[in-house]
Amino acid sequence: MANLAAVISAPKAPLEIHEVELYAPSPNEILVKNEVIAFNLVESKIAKLGVIPIDYPAILGSAFGGTIEVVGSSVTKFQIGDRIVVSKAFGVKGNQYGAFQRYVVVGDIMVSKIPNGMDLAVPASLMMNLTSVVGLFSGRVGLEKPILNGFKLAKKSVKVLVYGGSSSFGGLSVQYLSQAGYTVTTTSSPKHHEFFSKLGGANVLDHTIEPDDLMKKLVADGPYDIVVDTISLPNTIAITANVLVAQGGGRLYATQPAFGPETLPDGVTRVFEPWPDSLYEEKNRELQQWVIEKYIPHGLSAGIITPLPIEKVPGGLKGINEALDKNLRGSSGIRLVADPWE
């Protein structure tokens, strides 16, 4: 039973396929036969741009789904044969935990058991961003979570701007907030408006118009109690920061830090952290359990969560370089996955 991995040997180097160790899990860990890798933009930025220092050689990858092969002696919640999806914590170190390989050790708590019959690619594709959404809005900001009976909660007075609704984080944010009863405005190109019509409850503005015109429309639609920029690039930060300026300033929640020098308008503060981190805090323990034990499996089974369409990258582990490049070029409105056994 050999283990193969896509390994990056140095900053910005192409990933190469190598046979690696078949890891033995510790008493509190499990070993998973990886069946689907889900790609996230941060991995492209680490591999192709070198934006975050890491130890090399490295096996990247944060989200995946598969079947449990070995259970550590102290593990009680899972057993051999369980189908699970995993989102690795941001600061976890060790190549045994990277998703870009056939067998992966799982050592943290962000693990969701998936019912038989459900395509693992679907929950794997949204696992990282969905835990980020809940971690930001309920774990950190303190907003109410939705209920799981298929009905929206009563309307609340809080209004949220989610810039970049056609991103995975953005689309999941729109659903989560709308179902919880919050008023949501988002942005998208017209080609994705049909997707938002399925979600309901959000005011969708066309982000392909001139930036100044878009900013005016966003300001006119406000003011907003919470502003989140799910793209968080200089061109979008310029828009969302000025929307905040128009209403007196405030906190601009971002999905990534500024990777270069940045000057924000007076009164505007960029706020970033790995948003799932809040779910690891003791005060949010029940929220974390709700996410992985109820919201993800039941939300998908009951149609409460609408995922983005999935596109499979061919070539298995050899196709990972292309997947990373494609995400970096821009793949809004879809989620990329790969089969490490192909």
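**View 1. Glu281 sits in a loop and is partly exposed.** In this predicted model, Glu281 has a relative accessible area of 28%, and since that falls between the 20% and 50% cut-offs, the residue counts as partly exposed. Look for Glu281 in the loop between strand 13 and helix 7 (285-301). Now find Ala58: it is 223 residues from Glu281 in sequence, and their C-alpha atoms are 28 Å apart in space.

**View 2. Six strands form an open sheet.** Reading across, the strand order is 10-9-8-11-12-13, and the pairing is parallel. A quick reminder: strands of a sheet pair through backbone hydrogen bonds, either parallel or antiparallel. Which strands stand at the edges? Strand 10 (202-206) and strand 13 (268-271) do; each has a single partner strand, so one side of each has no neighbour in the sheet. From one strand to the next, the twist averages 25°.

**View 3. Strands 8 and 11 pair up, with helices lying on the sheet.** Strand 8 (residues 159-163) and strand 11 (residues 226-229) run parallel and are joined by four bridges. To see a facing pair, pick out Val162, which stands opposite Val228 in strand 11. Helix 6 (residues 234-246) packs on the sheet and touches strands 8, 11, 12 (250-254) and 13. The direction of helix 6 makes about 155° with that of strand 12. Helix 5 (residues 211-221) lies across strand 8, strand 9 (183-188) and strand 10, and runs at about 160° to strand 10.

**View 4. Two loops beside strand 11 hold some backbone details.** Pro223 belongs to the loop between helix 5 and strand 11, and the peptide bond from Gly222 to Pro223 is cis, with omega near 5°. Ser232 is in the loop between strand 11 and helix 6. Its phi is near 60°, a positive value in a residue other than glycine. Is Ser232 buried or exposed? Buried, because its relative accessibility is 2%.

**View 5. Helix 1 crosses helix 8.** Helix 1 (residues 41-49) and helix 8 (residues 320-329) pack at an angle of about 105°, with their axes 9 Å apart. That makes helix 1 roughly perpendicular to helix 8. Among the residues that meet here are Leu41, Glu43 and Lys45 in helix 1, and Leu324, Asp325 and Leu328 in helix 8. The residues of this contact divide into five nonpolar, three polar and four charged. A little further along the chain, in the loop between helix 1 and strand 4 (63-71), you'll find Pro57. A cis peptide bond joins Tyr56 and Pro57, with omega about -5°.

**View 6. Strand 6 is covered on both faces.** Tyr103 and Val105 lie on one side of strand 6 (residues 103-106), Val104 and Val106 on the other, and all of them are buried. Strand 6 pairs with strand 3 (residues 30-38) in the antiparallel sense, over four bridges. One pair to spot is Ile30 and its bridge partner, Val106.

**View 7. Val133 is buried in helix 2.** Val133 has 0% relative accessibility, so it counts as buried. Helix 2 spans residues 121-140. What does Val133 contact, leaving aside its neighbours within four places in sequence? The partners are Ser138, Phe169, Leu172, Ser173 and Tyr176.

Conventions: Residues are numbered from 1 along each chain as its sequence is written. This is a predicted model: local features need pLDDT of at least 70, side-chain atom pairs count only at pLDDT 80 or more; totals for chains, interfaces and linings use all residues. Side-chain values use heavy atoms; hydrogens and water are left out. Axes are lines fitted to C-alpha atoms, for helices over the stretch in contact, and angles run from 0 to 180 degrees between N-to-C directions. Angles under 35 degrees count as roughly parallel, over 145 as roughly antiparallel, 65 to 115 as roughly perpendicular and the rest as oblique. Contact means heavy atoms within 4.5 Å. Ala, Val, Leu, Ile, Met, Phe, Trp, Tyr, Cys and Pro count as nonpolar, Asp, Glu, Lys and Arg as charged, and the others, Gly among them, as polar. Two strands pair if DSSP finds at least two bridges between them. Buried means under 20% relative accessible area, exposed over 50%, partly exposed in between (1.4 Å probe, protein chains only).
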